[in-house]
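User: Got a minute to go through this one with me? I'd like to start with the rings and then move out to the surface.

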Amino acid sequence: MVTLVEPSVSERTPSPPVTRPPQPGISEDWLAVCIGLLVFVLSLALLFGADILGWAVTTAVWISPAKALAPASKAYARLPALLSLLGTYLFLLLLLLFGAKALRADVKRFAKGFTAIFAVSYACWFLGSWAYIAATPDKRQALGIGWSLNLTNESGFIIALLAGLLVGNFLPGVSRSLKEAIRPELYIKTAIVILGGYLGITVLDQRRLASAMLFQGLCAIVCAYLIFWPVVYYVARRYFGFSREWAAPLASGISICGVSAAIATGSAIKARPVVPIMVSSLVVIFAVVELLFLPFVAQHYLYTQPMVAGAWMGLAVKTDGAAVASGAIADSLIRAKALAASGIRFQPGWTLAVSATVKVFIDIFIGVWAFVLAWVWSAKIERREGERVQARQIWQRFPKFILGYVATFLVVLALGALVPGLVPKIKASMGQANIFRAIFFVMTFFAIGVLSNFRKLWEEGIAKLAAVYVLCLFGYIIWVGLLISWLFFHGMLPPIVKG
């Protein structure tokens, strides 16, 4: 079995990333841009009345399995859910078979491997959407349940990772048979290209709030990138002995935006694929921990300052799904507490909107940060004595999928700004594209699990990674994030509902 976790995380001479041998043809980086942009463009056909991707399967948080799956668009409402799922699989299989051919991979072995990966990954996503696992407190009443684990459907990522580790560590024959299709970098980079469009519509959907709080959002960016990041990087290097390869993605994952930032950073500095995925796994786990208690802390101490609470959720909780879920929970809890304690009825949705807006502002600049790190690593850290760093070297190191991410974001933003009447259709089209983004994400976690040897992961230092995360998140980032939120959002209140 191929393992990606051989060197120690302690300081060592930098070595090139451990990947499959280079082959002629397109790189996975550029292929991810092509596939992501194709899905994005096909989704935009909805703006012209062509519902090309409306048949794609959606997975709702469910109580009854029979009601969990459905086509994305009402235009396909009569399509059986299983046919919708089959169509989603066949569409992705066709796209990726063309990609496998471009990569000069064995197409038949890729098809077999991808079929198994899709089946297991989607089963994990489906299980992670079970209401007793995924439902947050604000959703339980509508689902008719009294309790849940509050994990959001992003728990599907962790279930997929565990399933992959099981295959990779205990079923070596199966892992070998999947080898041709185990391409976590391709899957995650494609997902991030699609993510750009989804973030664009989030900005459009909250553009009134975003415009009013532009300055505060920019301050959040400064906080995340220029204050949090250097401290986490220094702590990881100075006190825990991590190499630069581990410290940089760890700093991005803890301080910026979890999965996407860790992947982009790892690509910019040419880290081995296992590094950002290990960090991403911790991000998802700790985001769940934050989700379980931060909204209740906000309810108790910040019920008179809902906007501060919302900004705090956006700055402190490191995955988009968990941050938005935290904002939704805090919104509900704070409104109830304010009404009971002070008789004030705040208009619903504003705490949630602040959380989403702050998170989006942070997400937008992932591409910028990746470029900065690519330049720093080329010009300063890995520069050889007497060697002049050329722009070509920075370009070669720069993660190309970030170009796709920025392109989809700007296209959506421009379309919505120039033709406001199109915003509802853009939102629907990005919702369809986001279905594929989620599938690519969950396949990434399963794939990296298959490539990882659990014993080696422990030797690699996952316990030390978790220690850095606990120290920096709970000892520093949460509280500095609260201070920044208070400084820039204190006194800014939602509208009050009369009567």
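**Rings, patches and odd backbone angles**

Analyst: Sure. The structure holds 22 aromatic pairs. Keep in mind that this is a predicted model.

User: How are the rings of tyrosine 89 and phenylalanine 114 arranged?

Analyst: Their centres are 6.3 Å apart and their planes sit at 10°, so the pair counts as stacked. The cut-off for that label is planes under 30 degrees apart.

User: And where in the chain does each partner of that pair sit?

Analyst: Tyrosine 89 is in helix 2 (residues 81-102) and phenylalanine 114 is in helix 3. They are 25 residues apart, so the pair links distant parts of the chain.

User: Is tyrosine 89 buried or exposed?

Analyst: Tyrosine 89 counts as buried because its relative accessibility is 15%, and the cut-off for buried is under 20%.

User: What about phenylalanine 114, buried or exposed?

Analyst: Phenylalanine 114 is buried too, with a relative accessible area of 0%.

User: Which residues form the aromatic cluster?

Analyst: One cluster is made up of Trp62, Phe126, Trp130, Tyr132 and Trp147.

User: OK, surface now. Which residues form the positive patch?

Analyst: Lys108, Arg109, Lys112 and Lys179 make up a positive surface patch.

User: Let's take lysine 108 from that. Where is it, and is it buried or exposed?

Analyst: Lysine 108 lies in helix 3, which covers residues 107-128. With a relative accessible area of 69%, lysine 108 is exposed, since anything over 50% gets that label.

User: Which residues form the nonpolar surface patch, and what accessible area do they have together?

Analyst: That patch consists of Leu166, Phe170, Leu171 and Val174, and together they have about 390 Å² of accessible area.

User: Where does leucine 171 sit?

Analyst: Leucine 171 is in the loop between helix 6 (155-170) and helix 7 (172-178). Its relative accessible area is 39%, so leucine 171 is partly exposed.

User: Switching to the backbone. Which residue in the loop between helix 2 and helix 3 should I look at?

Analyst: Arginine 104 is in that loop. Arginine 104 has a positive phi of about 65°, although it isn't a glycine.

User: And what's the phi of lysine 270?

Analyst: Lysine 270 has a positive phi of about 65°, and it isn't a glycine either. You'll find lysine 270 in the loop between helix 11 (244-268) and helix 12 (274-301).

User: How accessible is lysine 270?

Analyst: Lysine 270 counts as partly exposed because its relative accessibility is 35%.

Notes. Residues numbered from 1 in each chain as written. Predicted model: local features only at pLDDT ≥ 70, side-chain atom pairs only at ≥ 80, totals over all residues. Heavy atoms only, no water. Patch = residues over 30% accessible without salt bridge, like charges linked within 9 Å, V, L, I, M, F, W, Y side chains within 5 Å. Areas by Shrake-Rupley, 256 points an atom, 1.4 Å probe, with all protein chains shown as cover. Salt bridge = Lys/Arg side-chain N within 4 Å of Asp/Glu carboxyl O. Lys, Arg positive; Asp, Glu negative; His and termini not counted. Charge placed at Lys NZ, Arg CZ, Asp CG, Glu CD. Helix = DSSP H or I, 4+ residues; strand = E, 2+ residues; numbered from the N terminus. Buried < 20%, exposed > 50% of the residue type's maximum accessible area, 1.4 Å probe, protein only. Phe/Tyr/Trp six-rings, centres within 6.5 Å; stacked < 30°, edge-to-face > 60°.
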